[in-house]
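Thanks for sharing this one with me. Here are my notes, set out as numbered points so you can follow them with the structure open beside you.

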Amino acid sequence: MTSRRSLPRSTAVATLLTTALAAGLLSGATSAAAGDTDAAPTVRIHDIQGTTRISPLAGQQVTDVEGIVTGVRTYGSKGFWFQDAKGDGNPATSEGIFVFTSAAPTVAVGDAVKVSGTVTEYVPGGAASGNQSLTQLSKPAVTVLSSGNAVPAPVVIDSRTVPSRYAPEGDPAAGNSINGLTLNPRRYALDLYESLEGTNVRIGTSRVVGATDAHAELWVTVKPHENDNRRGGTVYGGYDAQNTGRIQIQQLAPLAQQPFPKANVGDVLSGTTEGPLDFNQYGGYTLTARTLGKVVDRGLRREQTRKQAKNELAVATYNVENLDPTDPQEKFDALAKAVVANLSSPDIIALEEIQDDNGAKNDGTVSSAATVKKFTDAIVAAGGPGYASTSIDPQNNKDGGEPGGNIRQVFLYNPARVSFTHRPGGDATTATGVVREKGRAALTLSPGRVDPANAAWTDSRKPLAAEFSFRGEPVIVVANHFGSKGGDEALTSHHQPPVRSSETKRLLQAQTVNTFVKDVLKADRRANVLVLGDINDFEFSATTKALTAGGALNAAVKSLPRPERYSYVYQGNTQVLDQILTSPSIRGFAYDSVHINAEFADQNSDHDPQVLRFRP
């Protein structure tokens with residue numbers, strides 16, 4: 001099985017107890033210092049796991065710990081899980097644990113074993129990630145006592161056993177960490193999952209809420225009515241609506257032996273799925289299936305938005321995910337077909353993540369003319385209009401993204417329906433301004449960049465503004481691709497609430513764009529302004545609030561019912577990242593988040609495009 005999870009634990013992503021202690025991550029633990037090799041008395045697994053997230057025996061040697069093997073992993077992080085068949089009756093202590101063997105383990109499911117080794121706290125992604133740690137045994141000596149034993153009965157995870165509250169508040173004295181808090185599995189979902197770390201668990205028939213991805217995993221919910229929507233997703237509608245029933249599913253069988261099933265959102269993982277509960281860097285608590293249910297296809301269809309009326313201007317945003325000429329023609333054709341068939345050929349399209357003409361080859365190339373031509377040609381071949389384009393080439397490697405790729409925003413527009421108002425002089429470093437011309441707001445440069453020298457745009461895509469005319473009415477459109485969420489802690493972080501460090505940059509970016517829109521509205525309060533793109537943030541976020549501050553803009557996605565507000569699926573949460581925002585003069589619009597990618601295992605992009613139609 002080849003995946004991002006196959007990195008050896010000796011790499012930088014592995015951080016054991018000594019590093020975590022040095023970082024203060026394991027505050028509240030009562031463990032001995034790492035490196036303490038004094039032999040401890042024979043203990044049972046629940047003694048190792050303890051009643052908090054950190055083992056009370058961390059760093060110590062344990063001897064002849066007994067249990068039954070419940071799962072074996074021969075790829076990636078190699079090892080096995082074993083479990084005490086008796087237990088101590090305490091719901092806060094797990095009866096299972098992972099044994100990290102580094103080489104492929106030689107035990108089998110059903111073996112009764114004795115294991116001696118060092119108790120360690122492994123932090124997937126390293127201490128700086130904020131991830132919780134996984135209690136495990138390292139450098140093991142394993143003795144097989146017998147084989148063919150029954151596996152301990154699984155703990156059932158379902159809507160009745162998973163609490164509605166997600167996590168306790170972190171301890172302020174420990175930097176808002178929950179590591180030192182006693183687990184309360186009847187009150188908090190994260191505590192329940194932690195109390196089952198390494199335990200053999202089972203789920204029954206469950207709805208898929210995150211499609212199968214390239215790493216052979218999917219997400220289900222054991223709470224079918226938790227923030228559900230009509231297409232089968234689980235909607236992330238607020239920082240306090242984490243959706244406690246979500247759980248990631250992987251399989252223990254190597255892919256060469258058993259292909260992982262392909263599933264879309266809304267499909268059903270039917271029957272029993274059973275195996276040890278793991279914790280990893282990419283999703284947190286994960287059921288590593290020894291027995292995997294069967295995927296039942298529920299026939300999710302890709303949406304099609306309606307064609308705009310003759311007097312309606314249709315404007316769209318679409319993140320095409322690092323498109324460059326070295327991508328296969330099939331990708332261009334699929335994206336083009338989506339523009340024509342699913343988006344009904346909008347009049348103006350703001351594209352994000354258009355790369356330069358040789359993609360990630362880092363040779364100083366910044367032009368994207370070949371990329372855009374290949375795409376517009378594909379649109380014509382798919383039966384669409386002959387789009388013209390306008391954009392500004394970035395400085396080499398100054399706008400973030402894949403090194404050498406030079407991603408940028410590009411406008412496509414249909415000259416049969418829309419006129420582009422060209423005001424020359426725009427380049428990568430010169431800011432466009434706003435003037436009043438014939439009683440209307442006008443850009444000094446079109447296309448032009450919005451405040452590109454502002455520190456908010458360091459190593460990030462600068463907004464691209466352009467002026468168009470539709471049926472004699474001027475329309476100013478600002479295409480954006482705000483800073484990513486890279487560096488944010490996961491919902492399963494040991495900090496509660498998690499640290500969202502990336503918000504700082506997006507907040508500054510949003511304030512910059514808001515200021516620009518206010519300048520437009522000062523010149524003409526009736527101006528038709530659209531701010532759109534991959535905002536990389538939620539409709540309830542501080543970023544969106546900063547964009548809309550002072551009534552300069554309205555978030556059009558909020559015109560949709562709450563269950564329909566999403567453009568992206570991440571770890572089983574359907575959520576908003578892509579947005580179109582409108583100035584106050586744009587009132588009677590129709591908004592559509594066109595779901596063609598994010599919910600599907602087969603994707604042309606990982607984002608769903610957005611379309612807004614209005615009459616200027």
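1. Let me start with the buried face of α6 in this predicted model. The buried residues of this helix are E503, R506, Q509, A510, T512, V513, N514, F516, V517, V520, L521 and A523. You will find charged residues such as E503 and R506 in that list, alongside F516, V517 and L521.

2. What do those buried residues of α6 pack against? Their partners are the strands β20 (434-437), β21, β23, β24 and β25 (528-534), together with the helix α7 (542-548). As for its length, α6 has 21 residues and reaches 30 Å from its first C-alpha to its last, close to the 30 Å expected at 1.5 Å a residue.

3. On the way into α6 there is a detail worth a look. The peptide bond between Q496 and P497 is cis, with omega about 5°. P497 sits in the loop that runs between β24 (473-481) and α6 (503-523).

4. A second cis peptide bond links S446 to P447, and here too omega is about 5°. This proline belongs to the loop between β21 (440-443) and β22 (448-449). As background for both bonds, most peptide bonds are trans.

5. Now to α4, which covers residues 329-342. How far apart are its end C-alpha atoms? They are 19 Å apart, and that agrees with the expected span, because 14 residues at 1.5 Å a residue should give 20 Å.

6. The buried residues of α4 are K331, F332, L335, A336, A338, V339, V340 and N342. They pack against two strands, β15 (313-323) and β16 (348-354), and against the helix α5 (369-381).

7. Just after α4 comes S344, with a positive phi of about 60°. The residue lies in the loop between α4 and β16. Is S344 buried or exposed? Its relative accessibility is 11%, so S344 counts as buried, the cut-off for buried being under 20%.

8. D459 also has a positive phi, near 55°, although the residue is not glycine. Its place is the loop between β22 and β23 (464-470). With 51% relative accessibility, D459 counts as exposed, because the cut-off for exposed is over 50%. For context, most residues other than glycine have a negative phi.

9. Stepping back to the whole chain, the protein has seven helices and 31 strands. Among contacts between residues at least 6 apart in sequence, 72% join residues at least 24 apart.

10. On overall dimensions, the C-alpha atoms fill a box of roughly 85 × 45 × 45 Å along the principal axes. The radius of gyration is 27 Å, which agrees with the value near 25 Å for a compact globule of 616 residues.

11. Finally, the surface and the charges. Buried residues make up 58% of the 616 residues. The accessible surface comes to about 22800 Å², and 49% of that belongs to carbon and sulfur atoms. There are 60 positive and 63 negative side chains, with the centres of the two sets 7 Å apart.

Methods: Residues are numbered from 1 along each chain as its sequence is written. This is a predicted model: local features need pLDDT of at least 70, side-chain atom pairs count only at pLDDT 80 or more; totals for chains, interfaces and linings use all residues. Side-chain values use heavy atoms; hydrogens and water are left out. Helices (H or I, at least four residues) and strands (E, at least two) are DSSP runs, numbered from the N terminus. The radius of gyration is taken over C-alpha atoms; the globule rule is 2.2 Å times the number of residues to the power 0.38. Buried means under 20% relative accessible area, exposed over 50%, partly exposed in between (1.4 Å probe, protein chains only). Contact means heavy atoms within 4.5 Å. Accessible areas come from the Shrake-Rupley method with a 1.4 Å probe; for residues, only the protein chains shown count as cover. Lys and Arg count as positive and Asp and Glu as negative; His and the chain ends are not counted. The place of a charge is taken as NZ of Lys, CZ of Arg, CG of Asp or CD of Glu. The expected span of a helix is 1.5 Å times one less than its number of residues.
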